[in-house]
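This briefing covers a ligand site, the helices beside it and a few individual residues. Please read it alongside the sequence and the coordinates.

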Amino acid sequence: MFAGIAGRYDLLNHVLSLNIDKRWRRVVADKLRPILDREDAKILDVACGTGDLAIELNEGSRAAITGTDFCRPMLAIALDKSPAIPYVEADAMNLPFPDATYDAVTIAFGLRNLPNVTNGLAELHRILKPGGTLAVLEFSTPIVPGFGRLFNFYFSHILPRIGGAVSGSRGAYEYLPDSVSKFPNQRALAQMMSETRFSQVDFQNLTGGIAALHIGTKGSCP
Ligand SMILES: C[S@@+](CC[C@H](N)C(=O)[O-])C[C@H]1O[C@@H](n2cnc3c(N)ncnc32)[C@H](O)[C@@H]1O
């Protein structure tokens with residue numbers, strides 16, 4: 001599915017979100033700034049797609065950023081946009097990195113797509129160093145009732161038509177609202193992260209809860 005929409009993915013992201021997706025990725029980079037400023041830090045962007053978050057993290061960063069995704073056409077576009085960033089083709093459920101490799105791991109609009117969210121979180125936990133940070137940017141549940149209804153109408157009825165017409169894959173843009181509706185809300189995801197042994201779990205709503213940024217820390221005990 002992702003291979004089929006790779007060529008139009010960036011355009012549709014920016015058009016369908018009125019460019020708000022760029023602001024959301026900037027929030028992730030701002031949050032991780034203390035780690036990005038460290039020359040010795042290693043950061044992995046999982047399910048990196050066409051590389052937009054990896055590129056945002058890399059901007060002005062002293063840390064080493066790597067991107068990974070299992071979809072080769074997505075990675076080809078990422079590499080074309082940012083040849084200086086290393087990209088690794090891999091399944092997020094079984095990453096080819098040793099335990100305790102990264103100071104921070106990010107995943108933007110990727111966790112929802114994994115076949116098992118708990119096992120996916122456990123895999124991200126495994127590759128983080130003790131004390132390392134996980135940042136999950138994902139669609140979430142709007143918190144303002146009237147706005148939520150309006151947004152859900154747009155998301156379920158208008159977005160699939162535009163996305164389908166431009167990408168040629170209506171199914172991919174019907175899958176989007178469907179997968180978001182099945183994904184845990186802000187509090188439930190925070191709870192799942194805590195149950196996957198992340199500590200100091202916290203989240204911030206973005207654009208009235210359309211998206212949320214969850215942050216968790218891998219404790220010092222393995
Ligand atoms: C909605 S895109 C998000 C891309 C990018 N992170 C962004 O912010 O635009 C979801 C990405 O997750 C990737 N993905 C889904 N399941 C995956 C898995 N099991 N392993 C690795 N990548 C996966 C897809 O290939 C796709 O590139």
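A polar contact is a pair of N or O atoms within 3.5 Å; within protein, one atom must be able to donate a hydrogen and the other to accept it, and residues adjacent in sequence count only if both atoms are side-chain atoms. One such pair joins a nitrogen atom of the ligand to a polar backbone atom of Ala 92, at 2.8 Å. The model is predicted: local features need pLDDT of at least 70, side-chain atom pairs count only at pLDDT 80 or more, and totals for chains, interfaces and linings use all residues. Residues are numbered from 1 along each chain as its sequence is written, and side-chain values use heavy atoms, with hydrogens and water left out.

**Ligand site**

- The ligand is surrounded by 18 residues, each with a heavy atom within 4 Å of the ligand.
- The closest residues are Tyr 9, Ala 47, Asp 69, Ala 92 and Ala 108.
- A polar backbone atom of Ala 108 lies 2.8 Å from a nitrogen atom of the ligand.
- An N or O atom in the side chain of Tyr 9 is 2.8 Å from an oxygen atom of the ligand.
- Taken alone, the ligand exposes 590 Å², and the protein buries 97% of that (Shrake-Rupley accessible areas with a 1.4 Å probe; for residues, only the protein chains shown count as cover).
- Helix α1 contributes three residues to the shell around the ligand, the most of any element; helices (H or I, at least four residues) and strands (E, at least two) are DSSP runs numbered from the N terminus.

**Helices α1 and α2**

- Helix α1 covers residues 2-16 and spans only 17 Å between its end C-alpha atoms, whereas a straight helix of 15 residues would span 21 Å (the expected span is 1.5 Å times one less than the number of residues).
- A kink of about 65° in α1 is centred on Arg 8, the bend being the angle between axes fitted to the seven residues ending there and the seven starting there.
- Buried residues of α1 include Ile 5, Tyr 9, Asp 10 and Leu 16 (buried is under 20% relative accessible area, exposed over 50%, partly exposed in between, with a 1.4 Å probe and protein chains only).
- These buried residues of α1 pack against α2, α4, α5, α7 and α8, where contact means heavy atoms within 4.5 Å.
- Leu 18 follows α1 and has a positive phi, near 55°.
- Helix α2 has twelve residues and reaches 17 Å from first to last C-alpha, close to the expected 16 Å.
- In α2, Ile 20, Asp 21, Trp 24, Arg 25, Val 28 and Ala 29 are buried.

**Individual buried residues**

- Ala 54 is in helix α4 and counts as buried because its relative accessible area is 0%.
- The C-alpha atoms of Ala 54 and Arg 25 are separated by 9.3 Å, with their positions 29 residues apart along the chain.
- Beyond four places in sequence, Ala 54 touches Asp 45, Ile 65, Ile 85 and Tyr 87.
- Ile 107 is in strand β4 and is buried, at 0% relative accessibility.
- Outside its neighbours within four places in sequence, Ile 107 has contacts that include Asp 45, Val 46, Ala 47 and Leu 137.
- Ser 140 lies in the loop between β5 and α7 and is buried, at 10% relative accessibility.
- The side chains of Ser 140 and Gln 186 make a polar contact of 3.0 Å.
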